[in-house]
Amino acid sequence: RFRTALQSGARLAEKGGQGFPHLVVMDAAGDVLAEVGIETMEQIQSAAGVDVFRAAVSEARDFQTLADDEDRTPEEEARFLEIRLGRGQIGPEEAAAALAAIEDLPEESRARIAGMLADAEVRAALSFDHQPTEEEILAAGRMFSEMHAAGRIPRGEQETQSFHLLRMQYAESVGDADAYADALEDLRPLLAGNPRAEGLLAEREETLRRLREAAEGPGGGGGK
């Protein structure tokens, strides 16, 4: 059976909601099977809102079918993992182990899920329940630098921007001009065409100039 839920308070947060309205499709046990992409009461009452709701119910049925199937193909196993990871029903470490256990999975599908895993790692690293300290921000930046070196690169827009910005912040803290420049070049195409980003990029270019000057030293010698 499928039910929709418009929850309140802690119950709302438990089901992934941050405001009203928040609609989900759940099974009889109250587990979320799909989120309904509706954000206003006007959408609920519109024909387009009905279509969105129907699509969510269809997605929920597909998910339940996958969950009930004990003989999933590698692609179906990957799809099941993608959905669970996207909903936060499985953590990055558990998801990484599940992905490694899927045999005969095309590399394209494996790479897609690896990108989702990196997204989840970034979100987890920045999931503070308080205003983060500078030390905590730099620790995340160091982690992202290590992820980058290992080839674990996020794909989501927000995750990727945060990833490269904090790589830069960490590189600045340790005076690594080359790492800072590398992260800046990775960030630049993400902000292309955004006039509001021009000031940010100019500031980062100035920071890079100062880092390079500091690395060269008074005598113009080499450095990082």
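## M147 and its surroundings

In this predicted model, M147 is buried, because its relative accessible area of 0% falls under the 20% cut-off. M147 has its place in helix α7, and, once neighbours within four places in sequence are left aside, M147 is in contact with A118, E121, V122, R152 and F163. One of these partners, E121, is 26 residues from M147 along the chain, and the C-alpha atoms of the two residues are separated by 9.4 Å.

## Aromatic pairs

The count of aromatic pairs comes to two. For F144 and F163, the ring centres are 5.4 Å apart and the planes stand at 35°, so this pair is tilted, an angle under 30 degrees being needed for stacked and one over 60 for edge-to-face. The pair links distant parts of the chain, since F144 belongs to helix α7 (residues 134-149) and F163 to helix α8 (residues 157-173), with their positions 19 residues apart in sequence.

Are the two phenylalanines of this pair buried or exposed? F144 counts as buried, with a relative accessibility of 0%, and F163, also at 0%, counts as buried. F163 is in addition one of the residues in contact with M147.

## The second largest pocket

The second largest pocket holds about 170 Å³ of space. Its lining is made up of 13 residues, and those closest to the centre of the pocket are A114, L117, A118, E121 and R152. Among these, A118, E121 and R152 are also contacts of the buried M147.

Two elements, α5 (92-101) and α6 (107-125), give two or more residues to the lining of this pocket, and α6 gives the most, with six residues. Sorted by class, the lining of the second largest pocket has seven nonpolar residues, four charged residues and two polar ones.

## Nonpolar cores

The largest nonpolar core has 13 residues, within which M168, Y180, L184, L191 and L208 have the most contacts. Elements that give two or more residues to this core are α8, α9 (177-187) and α10 (198-216), and the largest share, six residues, comes from α9. A second core, separate from this one, has 11 residues, including A78, L105, I113 and A120.

L191, one of the residues with the most contacts inside the largest core, touches Q161, A197, L200 and L201 when residues up to four places away in sequence are not counted. Q161 is found in helix α8, and with the same exclusion Q161 touches L187, L190 and L191. Is Q161 buried or exposed? At 17% relative accessibility, Q161 counts as buried, because the value is under the 20% cut-off.

## Two sites with more accessible area

Which residues does A67 contact, leaving aside its neighbours within four places in sequence? A67, which lies in helix α3 (residues 47-68), is in contact with R72 and F80. A67 counts as partly exposed, because its relative accessibility of 32% lies between the cut-offs of 20% and 50%. From A67 to E77, which is 10 residues away in sequence, the C-alpha to C-alpha distance is 9.4 Å.

D104 has its place in the loop between α5 and α6, the two elements that also give two or more residues to the lining of the second largest pocket. D104 is exposed, because its relative accessible area of 70% is over 50%. Although D104 is not a glycine, its phi is positive, at about 60°. Most residues other than glycine have a negative phi.

## The chain as a whole

The secondary structure of the protein chain comes to 10 helices and three strands, and, read along the sequence, these elements follow the pattern β-α-β-β-α-α-α-α-α-α-α-α-α. The protein chain has 224 residues, of which 33% count as buried; M147, F144, F163 and Q161 are among the residues that count as buried.

What share of the contacts with a separation of 6 or more comes from residues 24 or more positions apart? In the protein chain, such residues account for 44% of those contacts.

Methods:
Residues numbered from 1 in each chain as written. Predicted model: local features only at pLDDT ≥ 70, side-chain atom pairs only at ≥ 80, totals over all residues. Heavy atoms only, no water. Phe/Tyr/Trp six-rings, centres within 6.5 Å; stacked < 30°, edge-to-face > 60°. Helix = DSSP H or I, 4+ residues; strand = E, 2+ residues; numbered from the N terminus. Buried < 20%, exposed > 50% of the residue type's maximum accessible area, 1.4 Å probe, protein only. 1 Å grid on protein atoms, 1.4 Å probe; cavity = no way out; pocket = protein on both sides within 12 Å on 5 of 7 lines; lining within 4 Å. Points joined across faces, edges and corners; volume = space filled by probe spheres on them. Nonpolar A, V, L, I, M, F, W, Y, C, P; charged D, E, K, R; others polar. Core = buried A, V, L, I, M, F, W, Y, C linked by side-chain atoms within 4.5 Å. Contact = heavy atoms within 4.5 Å.
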